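Visitor: I'm new to this one. Could you take a close look at a single part with me?

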Amino acid sequence: MMEHVSYKARDCRDPDKIEQFLSESRVGIVGIAGDEYPYAVPVNYVWYEGAVYFHGMGSGKKLRLLADNPSVTFTVYRENGTISDSVPCKADTSYMSVMLFGKAEKVTDINEATGVLQKILDKFTPGFYKQGISGKMVEGYRSAMDGNAVAVVRITPVHITGKENDAVPDFPAGQGQGHPPVTGT
């Protein structure tokens, strides 16, 4: 089943814009079928070679649920601010969001896992580490929490949707009640 954006005026079909948004954003929400309730958890990630990658402990709820329920959604969202209108019901939000629908699986190839972990370091700590990580380092690392090796998960999208309202906001994100609008200087 294909997913579609129902509000066509907000449908973003520009693959370059979606690619750039996924590459630049830092946090996404993984939605997984849960035990009693759906499980949606924020993760730091990289968009690399057409897939989402994130890492975590080698055990825990995410990996346990993903092993049983590999069909996931992955949502990335950026709020730019609020667009005012003289009619309250017509006030709106300026934003960009992308949803991926796909399959998640634990990466078992040490070279792929090492390359992805290096991409994560490059994205989140650019220039901090003088030397790259090695496969031996990845194989040898153990979590202080549970003693397990780090897990790298790949989400391969089956379908991607994008939504946006790129209007310039009157109230930038983070402003609202108790926060006056920013004025030019």
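How many residues does helix α3 have, and how far does α3 reach from its first C-alpha to its last?

Guide: Happy to, and keep in mind that this is a predicted model. Helix α3 covers residues 110-124, so count 15 residues by the helix definition used here. From first C-alpha to last, α3 reaches 21 Å, close to the 21 Å expected at 1.5 Å a residue.

Start at the N-terminal end, where D109 acts as the cap of α3. One of its side-chain oxygens lies 3.1 Å from the backbone nitrogen of N111.

Now look at what α3 tucks away. Its buried residues are A113, T114, V116, L117, I120, K123 and F124. Why might some of those numbers be three or four apart? An α-helix has 3.6 residues a turn, so residues three or four places apart point the same way.

And what do these buried residues pack against? The partners are α1, β2, β3 (46-48), β4, α4 (135-140) and β7.

One of the buried residues, V116, also belongs to a core of twelve residues, with V46, A51 and Y53 among the other members. That core lies apart from the largest nonpolar core, which has 25 residues. In the largest core, L22, V30, Y45, F54, F74 and I155 touch the most other members, and β6 (92-106) supplies the largest share, four residues. As a general matter, nonpolar side chains tend to be buried together in soluble globular proteins.

Terms used: Residues are numbered from 1 along each chain as its sequence is written. This is a predicted model: local features need pLDDT of at least 70, side-chain atom pairs count only at pLDDT 80 or more; totals for chains, interfaces and linings use all residues. Side-chain values use heavy atoms; hydrogens and water are left out. A nonpolar core is a set of buried Ala, Val, Leu, Ile, Met, Phe, Trp, Tyr and Cys residues joined through side-chain atoms within 4.5 Å. Buried means under 20% relative accessible area, exposed over 50%, partly exposed in between (1.4 Å probe, protein chains only). Helices (H or I, at least four residues) and strands (E, at least two) are DSSP runs, numbered from the N terminus. The expected span of a helix is 1.5 Å times one less than its number of residues. Contact means heavy atoms within 4.5 Å. A polar contact is a pair of N or O atoms within 3.5 Å; within protein, one must be able to donate a hydrogen and the other to accept it, and residues adjacent in sequence count only if both atoms are side-chain atoms.
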